[in-house]
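User: Please give a close look at the backbone in the loops of this model, with particular attention to unusual torsion angles and their surroundings.

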Amino acid sequence: MPLAIRVGSSPANRSLLLLKAWNQQTRWNRSSHELSRRAFFSSLTDSKPTLSCSATVFSKPCLDDCLTVIVVPLQEEPLIPGFFMPLYVEDSKVLAALQESKRRETPYAGAFLLKDEKDPSTGSSSIHLVGTLAQIISIQGEQVILIGRGRLEITELVSKDPLTVKTHLIKDKPYDKDDEVIRSTYFEVISMLRDVIKTTSLWRDQVQKYSQQASGMCSPNLISRYVLLSSIGYYYRKLTESGAGIFEAIDFNYQKLADFGAGISGANKHKIQEVLEELDVHKRLDLTLQLAKKQVEINKIQVFHASLFPVTHATRFFFFFFLYMIYTFRKRIEPIRENIPKHVLKVIDEQFAKIDRIKRSYGSTDYILSHLDWLTALPWGIFSDDNFDVLRAEKILDEDHYGLHEVKERILEFVAVGTLTGSPEGKIICLSGPPGVGKTSIARSVAHALGRKFFRLAVGGLSDSSHIKGDRGVCVGAAPGKMVQCLKQVGTENPLVLLDEIDKLGKSSKYDPEGALLELLDPEQNSHFLDYFLDVPIDLSKVLFVCTANDTDMIPGPLLDRMEVIELTGYTTDAKMHIARDYLVKTVQRKCGIKPEQVDVSDAALLSLIENYCREAGVRNLQKQIEKIFRKSALKLVRERAKSEQSRELTEKLMVDETNLADYVGKPVFRGEKIYEQTPVGVVMGLAWTSMGGSTLYIETTFVEEGEGKGGLHITGHLGRVMKESAEIAHTVARRVMFEKDPKNLFFANSKLHLHVPQGATPKDGPSAGCTMITSLLSLAMKKPVRKDLAMTGEVTLTGRILPIGGLKEKTMAARRSQVKVIIFPEANRRDFEDLEESVKEGLDVHFVDEYEQIFELAFGYDH
């Protein structure tokens, strides 16, 4: 059940709320500024039964009827017996139960403090067992005002919605009123509270006003019918008189004094809860004494600073803001102080000590406050519980991603190692592949499977190490680096951090982002990672780093050496069909507000969309095209509804198939990579890998001029340095092969040739086109075309050896799109081909070679 009860948002609002309720009960008209947010009353056990009347706020019913109560969970602070508390009850069931309880003769509820304010549940296990019997004195809409009457302890759960429990009133342990230790503690508490009230104007004003109201209400005709605000006035007089340190024996009410001191202290809610739960009167006085001493110390700091600086509105505001920030910082580190490393705790204590003696300098003060803010806000010693359930991780990966079996297997191996070792730290995973294949989403799935918080840090274009290491404290507007910000945002010390686009890291000779990332990712260094702003070492060894890249060749060598690369190849057509039908269409359809019975996209339309519009390796562009289809469909539906002015349900269903697909997404982007049905002389189809997947690539060679000794080669097509060298090697190897086959053929010696790779606007580079270039040159020299359904790829040495290539899956898929049946691959890539899915290999005649002589026979040894 979500938490639906909250204390009034501000003292002013609470005061106004209390005033309205009190005016209705007593019919007296007092201004809202005369009433504070709390009032200290006589306890329930001291009050006497009274006759019923129109205002029954202080009447005492039979306590046996109050043992089964509705639970009112308190989030900000416990309710001390004798104090008011305004609440906003948003849960209708709880509010109805409180109203029903007030209508009966037992208008009581149980006020119990929540154990964890971040926990939204309000079950019996999430609240403290000891609370307060609270009388319901006013209910106006969602506004409820309670007054504490006594201590309760939960004994049994009655119902959960609304939460109802059986309780019993608990009494203080017996004690000797004449015990000297108790008496001395009592007087010390009195002395401390007197100092607090004298030096704290806010509490002095509140207590004084309540005292005046109590005195004014004590008319003879009311005393007999109401239990009045006597205790607060009594303590105020005793604490402010000149002889306040001297009390008569009859004044000794140790329990009320301890409750009174805890109630006005404004201390941490858990400290006040300790006072509430303590039944030993002496120990309760000791707890109250510690709270009062803390308030006195705060008051001394305030007085000291007020004596140093002129009090103006601006300085007063800054001063109280300054104190509030210090109080906030101290409150943050209290529950986790034991978890903070000693060297960090030493720096924090030094900063607190510096604040006590610093002279007012806005620049210096701002830095100290900012430094303390970040140091105390980090989740020291807080970790997420790792979940190394391999079956659960496999289920999550299968639900979030289709296919990618090898990638999933590698990730599950990683999770399995974590199961055996207890922690996967020390490993840095790099997911490499074309855009849109799911690298980022896989990282999210891994975080989900492990039960870790997820944080994405985009490092593409990053050229300043301060983004990682933070700014120096002397800089204006200095801030910590992204990793410190990450820890503060996720709230744990072991998140999964995604370093996105690490292959696009910026270059800078001055700020060296590569060196900063090297320190961040190196397991030997990140256990004491130094952020320049915090200036203290931070342990990042528990962080799991996952990187993404499109091309690992662009990652700096020292960084790549520390990564475990997992390759994500492109999706096949079948995989794209499953993803589009089972996920993309349903997701986009739901986002566009279209029902399944209104629009139907056929499988033929999806296949055409994949082959003619979205040939890239990933599915990101496919999703965009599907979104375009449903947006246009939504427009048609709305227009037709507006014209017909009929109901929202459309009788005629929109059908999107291959015939009308162009009406939704426009003309096809790709018309087919195959240019020639029968490749002419001098033209051979090669296979290339790109960051978007695979593609076919024609190598064209033509004759320019002939003359004795004019042999040469001109190269065009926006080729890179490596590919130009491959062309020169191919020319040399082709001359040697031609001389061996036909020594009388002087074609290469006497002919100037031009080698071109089409699509000259696209940059091209890489060594795997060597065998294709040789075959193109030999085809021109022999004036014989190669077989029309042939494609090849492979790097060639000067001696004719064929070396392995990369991107085999992408190149195979590109050949299938161009209806190529015969493919030539290097022998060293045989195992890579065997590992491909059957749907990719089906129907292909693949030959593996390690010498160019084998390619020559396959390309030219055919019968027309």
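**Unusual backbone geometry in the loops**

Analyst: Asp535 is located in the loop that connects β11 (529-530) with β12 (537-538). The model is predicted, and the angles below are to be read accordingly. Most residues other than glycine have a negative phi, and most peptide bonds are trans. Against that background, Asp535 is notable: its phi is positive, about 60°, although the residue is not a glycine. Its relative accessibility is 54%, and because the cut-off for exposed is over 50%, Asp535 counts as exposed.

A further case is His718, which is not a glycine either and has a positive phi near 55°. His718 belongs to the loop between β19 (712-716) and α24 (721-741). With a relative accessibility of 44%, His718 counts as partly exposed, since this class covers values between the buried limit of under 20% and the exposed limit of over 50%.

The peptide bond is the remaining point. From Asp161 to Pro162 the bond is cis, with omega near 0°. Pro162 sits in the loop between β6 and β7 (163-169). Strand β6 comprises residues 143-160 and runs antiparallel to β3, to which five bridges join it. In this pairing, Ile147 of β6 stands opposite Phe84. Strand β3 itself, residues 84-89, is mostly covered, with six of its six residues buried. Phe84, Pro86 and Tyr88 on one side of β3 are buried, as are Met85, Leu87 and Val89 on the other.

Definitions and conventions
Residues are numbered from 1 along each chain as its sequence is written. This is a predicted model: local features need pLDDT of at least 70, side-chain atom pairs count only at pLDDT 80 or more; totals for chains, interfaces and linings use all residues. Side-chain values use heavy atoms; hydrogens and water are left out. Buried means under 20% relative accessible area, exposed over 50%, partly exposed in between (1.4 Å probe, protein chains only). Helices (H or I, at least four residues) and strands (E, at least two) are DSSP runs, numbered from the N terminus. Two strands pair if DSSP finds at least two bridges between them.
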